[in-house]
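The following exercises concern a predicted model. Each task sentence is followed by a solution in steps.

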Amino acid sequence: MRFAFEISFMVFWIITCIIRYPFAKRNKSNQIEKDKKDTQEKWLLALAALGMILLPVLYFATPWLDFTNYYLPNALAFMGLLLLPPAGILFYKSHSDLGRNWSAGSEIRDKHTLVSSGIYKYIRHPMYTAIWLWVIGQALLLQNYIGGLSGLLSFGLLYFLRVQKEEQMMVSQFGNQYVAFKQKTKRLIPYLF
Ligand code: SAH
């Protein structure tokens, strides 16, 4: 069973790469007008890449990290499986709604527009909601302190240290338009939180 859970997570992981690739490729040619990434955010992005890309792949592909395995009841791993489809759908939808405005870091693109429709009508950070579901799924499906928990820890840190700064950047760029958007939406879960 353990291997089936791991394979399922890795298939999901490959799907997220396939979802992101065309957006990343297209947006390369879309100039960055303001780069607001500070040194802290650059380190946090590198840490998230380690926790969400390098370490899970290393755990899956080699036996090197097996000495830090943990063992969860199958029911919990099944719950992890259930998180992946909504994570994938939200991940795709947030990329497609943001379109040319998407960046991995805190950046304002050339002709950046404020997106407040599609999934952004309900929440301000659907991509982060998707990634929260993803890293919780990672911890439940890759049962290893290094390859599994690293996603939750590294993304958690990035989220809590970045979300407020990202919103401040959007307020300085879009002023009252973003303030009104903030009043109408929740951060991660519609109507709740
Ligand atoms: N926090 C958002 C977007 C993540 S991508 C989410 O979780 O869905 C990060 C970049 O998207 C930011 O650097 C910013 O430039 C851009 N961005 C964030 N919210 C936006 C919005 N509502 N409209 C347009 N661009 C946005």
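**Exercise 1. Identify the polar contacts between the ligand and Val115, His125 and Pro126, and state how far the protein covers the ligand.**

Solution.
1. Begin with the ligand oxygen: one such atom lies 3.3 Å from a backbone N or O atom of Pro126.
2. Turn to the ligand nitrogen atoms. A polar backbone atom of Val115 is 2.8 Å from a nitrogen atom of the ligand.
3. For His125, the contact is made by the side chain: one of its N or O atoms is 2.7 Å from a nitrogen atom of the ligand.
4. Each of these pairs counts as a polar contact because the cut-off for two N or O atoms is 3.5 Å.
5. Finally, consider the coverage. The ligand taken alone exposes 540 Å², and the protein buries 100% of that area.

**Exercise 2. Describe the shell of residues around the ligand: which residues come nearest, and which elements contribute?**

Solution.
1. The ligand is located in the largest pocket.
2. Two elements, α4 and α5, each give two or more residues to the shell around the ligand.
3. The largest share comes from α5, which provides four residues.
4. The shell holds 22 residues, and those nearest to the ligand are Gly105, Glu107, Tyr120, His125 and Glu166.
5. By class, the shell comprises 11 nonpolar, seven polar and four charged residues.

**Exercise 3. Characterise the largest pocket by its volume, its central residues and the make-up of its lining.**

Solution.
1. The space in the largest pocket amounts to about 780 Å³.
2. Its lining consists of 37 residues, of which Arg20, Trp102, Ser103, Ala104 and Met127 are the closest to the centre.
3. At least two lining residues come from each of α1 (2-28), α2 (39-61), α3 (74-98), α4 (126-141), α5 (149-174) and α6 (176-184).
4. Among the contributors, α5 gives the most, with six residues.
5. Sorted by class, the lining has 24 nonpolar, eight polar and five charged residues.

**Exercise 4. Carry out the corresponding analysis for the second largest pocket: what is its volume, and which element supplies the largest share of its lining?**

Solution.
1. The volume of the second largest pocket is about 170 Å³.
2. There are 13 lining residues; the closest to the centre are Ala24, Asn27, Lys28, Trp102 and Arg109.
3. Two or more lining residues are given by α1 and by β2 (107-109).
4. The largest share, five residues, belongs to α1.
5. The lining divides into five nonpolar, three polar and five charged residues.
6. Compare the lists of central residues: Trp102 is named for the largest pocket and also for the second largest pocket.

Conventions:
Residues numbered from 1 in each chain as written. Predicted model: local features only at pLDDT ≥ 70, side-chain atom pairs only at ≥ 80, totals over all residues. Heavy atoms only, no water. 1 Å grid on protein atoms, 1.4 Å probe; cavity = no way out; pocket = protein on both sides within 12 Å on 5 of 7 lines; lining within 4 Å. Points joined across faces, edges and corners; volume = space filled by probe spheres on them. Nonpolar A, V, L, I, M, F, W, Y, C, P; charged D, E, K, R; others polar. Near = heavy atom within 4 Å. Polar contact = N/O pair within 3.5 Å; in protein donor to acceptor, adjacent residues only side chain to side chain. Areas by Shrake-Rupley, 256 points an atom, 1.4 Å probe, with all protein chains shown as cover. Sits in = over half its atoms within 2 Å of the grid points.
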